[in-house]
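Thanks for coming. I will walk through one structure today, starting with a single residue and working outwards.

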Amino acid sequence: MCWFDDAERWKVKMETNNVKRISGITTGTFNGVIHTFNVNDQSNKLGRNPQDIEKKLDEMKSKLELYGHKFDRSWVTRSDLTSEEEEIHHLCHHSEKIALAFGLLITPPNEKIILAKNLRICGECHVSTKILSQIYLREFIIRDANRFHHFKDGKCSYKDYF
Ligand code: ZN
């Protein structure tokens, strides 16, 4: 079993310790320019129409669902979302997924996408990113607050041992 199974305990611990929630931010360097992505980021990057990023996020979601992926809603930390649809929409707009969508849009097909996240990557994004590496035949490297994750061929170098 992987450490993500500890998610619930971890969240409870955070709340017990009264840890202030910090927003997730993912950064990536594309064409020599550093870009920062926040959750639900709709900003215009490199002159890219935000709708293009939204379309790519939709495509990623559809491909994940076609693959049979079930979004793990236990990773939703917001209490203001009232439906399953809203929760899934939110999970699909975590900063690392937006950064991946942007990277897929603007990098050539064989290029690795390298990102950094200020917090630990959530369990949902970890599983989704593994699958996306297989679907798009791309390598993704995400350094999070704890370690490097190297996603390739549907696996992550951490815990999937490759
Ligand atoms: Zn996430």
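Please find Arg138 on the screen. Setting aside the neighbours within four places in sequence, Arg138 is in contact with Gly103, Leu104, Thr107, Pro108, Pro109, Glu111, Ile113, Ser133, Phe151 and Lys152. Before going further, keep in mind that this is a predicted model.

Where along the chain does Arg138 sit? Arg138 is in the loop between α5, residues 123-135, and β4, residues 140-143. Arg138 is buried and has no salt bridge. The nearest side chain of opposite charge belongs to Glu111, and that one is 6.3 Å away. A salt bridge here needs the side-chain nitrogen and the carboxyl oxygen within 4 Å. What the side chain of Arg138 does reach is the backbone oxygen of Pro108, at 3.2 Å.

There is a second buried charge to set beside it. Asp144 lies in the loop between β4 and β5, the latter being residues 148-152. Asp144 is also without a salt bridge although it is buried, and its nearest side chain of opposite charge is Arg147, 5.6 Å away. Which backbone atoms does the side chain of Asp144 reach? One is the backbone nitrogen of Ile121, at 3.0 Å. Another is the backbone nitrogen of Arg147, at 2.8 Å. Leaving out neighbours within four places in sequence, the contacts of Asp144 are Lys117, Leu119, Arg120, Ile121 and His149.

Now let me step back to the whole chain. The chain has 5 helices and 6 strands. In sequence order the pattern reads α-β-β-α-α-α-β-α-β-β-β. There are 162 residues, and buried residues make up 41% of them. Take the contacts with a separation of 6 or more: 64% of those are between residues 24 or more positions apart.

Ala116 gives an example of distant positions in sequence meeting in space. Ala116 is in strand β3, residues 113-117. Its C-alpha is 6.5 Å from that of Gly28, while the two residues are 88 apart in sequence. Not counting residues up to four places away in sequence, Ala116 touches Ile25, Thr26, Thr27 and Arg143. Is Ala116 buried or exposed? Its relative accessible area is 17%, so Ala116 counts as buried, because the limit for buried is under 20%.

Next, the helices, with α5 as the reference. Two packed helices are described by the angle between their axes and the distance between the axes. The axes of α4, residues 95-106, and α5 come within 10 Å and cross at roughly 20 degrees. That makes α4 roughly parallel to α5. On the α4 side the residues involved are Glu96, Lys97 and Leu100, and they meet Glu124, Cys125, Ser128, Thr129 and Leu132 in α5.

Helix α2, residues 50-67, also has an axis that comes within 10 Å of the α5 axis, and here the crossing is at roughly 90 degrees. That makes α2 roughly perpendicular to α5. From α2, Met60, Lys63, Leu64 and Tyr67 meet Ser128, Ile131, Leu132, Gln134 and Ile135 in α5.

That leaves the charged pairs. Side chains of opposite charge can pair when their charged atoms come close. How many salt bridges does a search of the whole structure find? It finds 7, and I will show three.

The pair between α4 and α5 is Lys97 with Glu124, with the closest N and O atoms 3.4 Å apart. Lys97 lies in α4 and Glu124 in α5, so the pair ties together parts that are 27 residues apart in sequence. Both residues are buried.

A pair within one helix is Lys61 with Glu65, at 3.5 Å from N to O. Both lie in α2, 4 residues apart, which is about one turn of the helix. Lys61 is partly exposed, at 27% relative accessibility. Glu65 is partly exposed as well, at 37%.

Then there is Arg73 with Glu84, where the closest N and O atoms are 3.8 Å apart. This pair links distant parts of the chain, with Arg73 in the loop between α2 and α3, residues 84-91, and Glu84 in helix α3, 11 residues apart. Arg73 is partly exposed at 36% relative accessibility, and Glu84 is partly exposed at 46%. Arg73 and Glu84 also belong to a network of salt bridges that includes Glu87.

That is the end of the tour. I will take questions now.

Definitions and conventions: Residues are numbered from 1 along each chain as its sequence is written. This is a predicted model: local features need pLDDT of at least 70, side-chain atom pairs count only at pLDDT 80 or more; totals for chains, interfaces and linings use all residues. Side-chain values use heavy atoms; hydrogens and water are left out. Helices (H or I, at least four residues) and strands (E, at least two) are DSSP runs, numbered from the N terminus. Buried means under 20% relative accessible area, exposed over 50%, partly exposed in between (1.4 Å probe, protein chains only). Lys and Arg count as positive and Asp and Glu as negative; His and the chain ends are not counted. A polar contact is a pair of N or O atoms within 3.5 Å; within protein, one must be able to donate a hydrogen and the other to accept it, and residues adjacent in sequence count only if both atoms are side-chain atoms. Contact means heavy atoms within 4.5 Å. Axes are lines fitted to C-alpha atoms, for helices over the stretch in contact, and angles run from 0 to 180 degrees between N-to-C directions. Angles under 35 degrees count as roughly parallel, over 145 as roughly antiparallel, 65 to 115 as roughly perpendicular and the rest as oblique.
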